[in-house]
Amino acid sequence: MRIDLHTHSRVSDGTQTPAELVAAARAAGLDVLALTDHDTAAGWDEAADAARRVGIELVRGMEISTTHHGHGVHLLAYLPDPTYPPLAAELDAVLAGRRDRVPEMLTRLRGLGIEIDADDVARAAHGTAATGRPHVADALVTLGVVADRTEAFDRFLAWGRPAHVERYAAGLVDVLGHVRAAGGVSVIAHPWGRSRRRFPDHGDLVELKAHGLAGIEVDHQDHDAPTRAELRALAHQLDLVVTGSSDHHGAGKLDHELGVNTTSPEQYARLLDLAAIASARSGRPTPEVVRP
Ligand code: AMP
Ligand code: ZN
Ligand code: FE
Ligand code: FE
């Protein structure tokens, strides 16, 4: 069984439609796929229809932009009821924050002599509610300013670069509560990826588990082998579920092919058990896993 629990479609900043992503997952030999677009459930229905058609198990999820003790934390939420009002309100606030920062990014780029406007970004964003830096990057590629997303981040959009603009993120502890009350389960994505230097640590994870955290994503391309080993040991100590995933973004992210990291069937089963418990306690109409 090959299980990939973290992927993006064009509904956020991937490059494939949800149906294309699901078909690609089947073609890549995956048995289970989770669609986890940034801050939105808007791709779920299309992905579920496609999963039934091509015969793959599909978990509806999302990757929520949160913050804790001043650090950005990406939280994977699986199988929550996205209409649970406190969760829906928080997602709306994050999406509004994504929209609101685009003009400031464009002002800064124009200050660097780059002719780019909101329509260029809108064309690259394909109607997504979760506009992000990757769409600004794609617009820069189309305009011939950079060769690819990586160059756009390195020169302009990454933290500390001239067109980087902060945006609103939800409080992590609040979101953990909302996801649980919405009948879902939470896993921290790439906890020690990129610049996130050993945060959250052991003490943070103890606290977060008490607030409902179910697991951590250990096998991710942003973690080298020693980091994975340390995180795996931490998860074992704290009895957290261990996941592994590609964080696939279609053609938008190199070295993140579908299935490049996977989650074991045992850990996946634990996650589904915890989701079933949360769902029963929530009393909410939570989404079911699509089974072929
Ligand atoms: P945002 O949500 O607007 O803050 O943008 C974050 C997104 O940009 C995440 O999905 C990352 O995967 C993506 N990202 C961050 N750095 C890079 C990079 N160097 N190249 C391509 N995508 C990146
Ligand atoms: Zn992304
Ligand atoms: Fe992420
Ligand atoms: Fe992601």
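User: Leaving aside its neighbours within four places in sequence, which residues is H38 in contact with?

Analyst: This is a predicted model, so read everything here as computed from it. H38 has contacts with H8, S12, D13, E63, H74, R98, A130 and H249. To earn a place on that list, a residue needs a heavy atom within 4.5 Å. As for its location, H38 is found in strand β2.

User: What makes the link between the side chains of H38 and D13 a polar contact?

Analyst: The distance given for the two side chains is 3.2 Å. The cut-off for a pair of N or O atoms is 3.5 Å, with one able to donate a hydrogen and the other to accept it. The H38–D13 pair therefore counts as a polar contact.

User: What makes D13, H38 and H249 donors of the zinc ion (ligand 2)?

Analyst: Their donor atoms lie 2.0 to 2.5 Å from the zinc ion: OD atoms of D13, plus NE2 of H38 and NE2 of H249. The limit for a zinc donor is 2.8 Å, so these atoms qualify. Along the chain the donors follow the spacing D-x24-H-x210-H. D13 sits in the loop between β1 (3-4) and α1 (18-27), while H38 belongs to strand β2 (residues 32-38), so this pair ties together parts 25 residues apart in sequence.

User: Why is D13 called buried? And why H38?

Analyst: Buried means under 20% relative accessible area. D13 comes in at 8%, so it gets the label. H38 has 7%, so it gets the label too.

User: What coordinates the iron ion (ligand 3), and at what distance?

Analyst: E63 (OE), H74 (ND1) and H190 (NE2) coordinate the iron ion, at 2.1 to 2.2 Å. Set against the 2.8 Å limit, these atoms therefore count as donors. Their spacing along the chain reads E-x10-H-x115-H. E63 in strand β3 (residues 57-68) and H190 in the loop between β6 (185-188) and α8 (202-210) link distant parts of the chain, 127 residues apart. E63 and H190 are both buried. As for the two metals, the iron ion and the zinc ion are 5.8 Å apart.

User: How do you know that K253 and R133 make polar contacts with ligand 1?

Analyst: A polar side-chain atom of K253 is 2.7 Å from an oxygen atom of ligand 1. R133 uses a polar backbone atom, also placed 2.7 Å from a ligand oxygen. For H38, an N or O atom in the side chain lies 3.0 Å from an oxygen of ligand 1. With the cut-off at 3.5 Å, these pairs therefore pass. The protein covers 88% of the 500 Å² of accessible area that ligand 1 has on its own.

User: How many residues surround ligand 1, and how do they divide into nonpolar, polar and charged?

Analyst: There are 13 residues around ligand 1, and the closest are D13, R101, R133, R167 and K253. The shell divides into two nonpolar, four polar and seven charged residues. Helices α3 (85-111) and α5 (133-142) each provide at least two shell residues.

User: Why is α5 described as largely enclosed by the rest of the structure?

Analyst: Seven of its 10 residues are buried, so the description follows. Those residues are P134, H135, V136, A137, D138, A139 and L140. They pack against α3, α4 (118-125) and α6. Just past the end of α5, G144 adopts a positive phi of about 80°.

User: What makes A163 buried and D239 partly exposed?

Analyst: A163 has 0% relative accessibility, under the 20% cut-off, so it is buried. D239 has 48%, and partly exposed runs between 20% and 50%, so that is its class. A163 lies in the loop between α6 (149-157) and β5 (170-171). Beyond four places in sequence, A163 is in contact with M105, R108, L109, F156 and L157. D239 is in the loop between α9 (225-238) and β8 (241-244). With the same kind of neighbours left out, D239 touches K209 and R270.

Notes. Residues are numbered from 1 along each chain as its sequence is written. Chains are lettered from A and ligands numbered from 1 in the order in which they are written. This is a predicted model: local features need pLDDT of at least 70, side-chain atom pairs count only at pLDDT 80 or more; totals for chains, interfaces and linings use all residues. Side-chain values use heavy atoms; hydrogens and water are left out. Donors are N, O and S atoms within 2.8 Å of the metal (3.2 Å for Na, K and Ca); water is not among the atoms, so sites may look incomplete. Helices (H or I, at least four residues) and strands (E, at least two) are DSSP runs, numbered from the N terminus. Buried means under 20% relative accessible area, exposed over 50%, partly exposed in between (1.4 Å probe, protein chains only). A residue is near a molecule or strand if one of its heavy atoms lies within 4 Å of it. Accessible areas come from the Shrake-Rupley method with a 1.4 Å probe; for residues, only the protein chains shown count as cover. Ala, Val, Leu, Ile, Met, Phe, Trp, Tyr, Cys and Pro count as nonpolar, Asp, Glu, Lys and Arg as charged, and the others, Gly among them, as polar.
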